[in-house]
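Reader: I'd love a close look at a single part here, the walls of the open space, and at how that part ties in with its surroundings. Please take me through it as one connected story.

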Amino acid sequence: MSATLSTTPVTDSAVSHGSSGARPLLQVDDLKKHFPLRGGLLGGVTGHVYAVDGVSFEIAKGETLSLVGESGCGKSTVGKAVLRLFDITSGQVVLDGTRIDTLPNSSLKPMRRRVQVVFQDPFSSLNPRMRVRDILAEPIRNFGLAKDKADLDRRLNEVMDTVRLPRDAITRWPHEFSGGQRQRIGIARALAAEPDLIICDEAVSALDVSVKAQIVNLLQDLQRKLGLALLFISHDLAVVEHMTHRVAVMYLGKIVEVAPRRSLFAAPRHPYTQALLSAVPVPQPGAARQRIILRGDVPSPINPPSGCRFHTRCPYVFDRCRVEEPLLKATSPAHTAACHLNDLPPEQNPLVRDGTPFH
Ligand code: SF4
């Protein structure tokens, strides 16, 4: 990702956040997803992959929450759990007041319409044997949204206009489009279902920088015009810097920091967030940023470290970190972080005292 990604900044006041007291559109409470590992002669359970291990967050109507972290941290598993692509191990997923993790498959259709997804790979996510018209008509028909053929045609034209593709392109096949155009078709397919929430799972990661910026801008426009909520899953903080309302940072199956965008970028209160931010290119000429290189690799989610899961890579690790798991605590209104350093007075807390990785 380069510093040339230019998007229209969002304003924090544009939405009512979950913390405002209004009922959130999506509420995830203590979500856990542990995948069993099977082995041995009898194929019994020999262990678990603790992919998501106690994740809680909420998204307000019309809000964009970005879920950020390195590959393998569990962020995509959270998205799939919200989509009900598998049963969760424990916790709750509540959509607009209705618990959806316990709904039987026969009752899932209304939820499936309201929560749509845009996947990372615009090449494999569209059926190559279907024309664009059929790809877009499928959700409209599945959810019984069109009154008649004229209404179907009107809706198809509308979604093509919304994603800024020419109407006559609707008769073409997916292979006739570029990567960015295919991602627009993917977004149009999601919009055709008239959702309240779109999960964008690394939706721009496979695109070139200029196309990436166009798709991010399109998603921002849609979010504003249609009042959509977005769960934007990304490994790249540079992508979310200008387009999100809040950011939740994940590390090894847990959320380690949640904050409004400005607060997180200006004053991160977790060493892992600081390291991620240090890798974001600085757009201002002459500005420099001290890159924080983390030692080692992300530990295995099969056997996560004791205490703070980040302790094997943290530049500030001390004895307490190895035995006691830090909890998410408020460091300021709407800003929470899970790091023992935040229990120290500000003048002794290196996360505050040394400032951000921006110099
Ligand atoms: Fe680092 Fe300790 Fe904070 Fe974990 S709790 S992030 S190991 S200082």
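Author: Happy to. Helices here are DSSP runs of H or I with at least four residues, strands are DSSP runs of E with at least two, and both are numbered from the N terminus. This is a predicted model, in which local features need pLDDT of at least 70 and side-chain atom pairs count only at pLDDT 80 or more, while totals for chains, interfaces and linings use all residues. Residues are numbered from 1 along each chain as its sequence is written, and side-chain values use heavy atoms, with hydrogens and water left out.

One more convention is needed for the open space. On a 1 Å grid over the protein atoms alone, a pocket is an open set of points with protein on both sides within 12 Å along at least five of seven lines, a cavity is a set where a 1.4 Å probe fits but cannot get out, and lining residues have an atom within 4 Å of a point. Points are joined across faces, edges and corners, and a volume is the space filled by probe spheres set on them.

The largest pocket holds about 360 Å³. Among its 15 lining residues, Arg112, Val115, Gln116, Val117 and Phe143 lie nearest the centre. At least two lining residues come from each of helix H2 (109-114), strand E6, helix H3 (132-142) and helix H5 (179-192). By class, this lining has nine nonpolar, three polar and three charged residues; Ala, Val, Leu, Ile, Met, Phe, Trp, Tyr, Cys and Pro count as nonpolar, Asp, Glu, Lys and Arg as charged, and the others, Gly among them, as polar.

Strand E6 leads us from the pocket into a sheet. Eight strands make up this open, mixed sheet, in the order E6-E7-E8-E3-E9-E10-E12-E11; two strands pair if DSSP finds at least two bridges between them. Strands E6 (115-118) and E11 (329-332) each have a single partner strand and stand at the edges, so one side of each is left without a neighbour in the sheet. On average, neighbouring strands are turned by 25° against each other, direction ignored. Further in, E7 (residues 197-201) and E8 (residues 229-234) run parallel and are joined by five bridges, with Asp201 opposite Ile233.

Helix H9 (residues 271-278) lies across strands E3 (64-68), E9 (246-251) and E10 (254-260), at about 110° to E9. Such angles run from 0 to 180 degrees between N-to-C directions of axes fitted to C-alpha atoms, for helices over the stretch in contact, where contact means heavy atoms within 4.5 Å.

Helix H9 brings us to the second largest pocket, of about 310 Å³. Its lining counts 18 residues, and Glu70, Ala275, Leu276, Ala279 and Arg291 are the closest to its centre. Helix H7 (237-240) and H9 are the elements that give two or more residues to this lining, and H9 gives the most, with three. The residues here divide into 13 nonpolar, one polar and four charged.

Finally, there is enclosed space too: the structure holds one cavity of 30 Å³ or more. The largest cavity has a volume of about 90 Å³. Its 15 lining residues include Cys308, Cys314, Cys321, Cys339 and His340, which lie nearest its centre. In class, that lining divides into 12 nonpolar, three polar and no charged residues.
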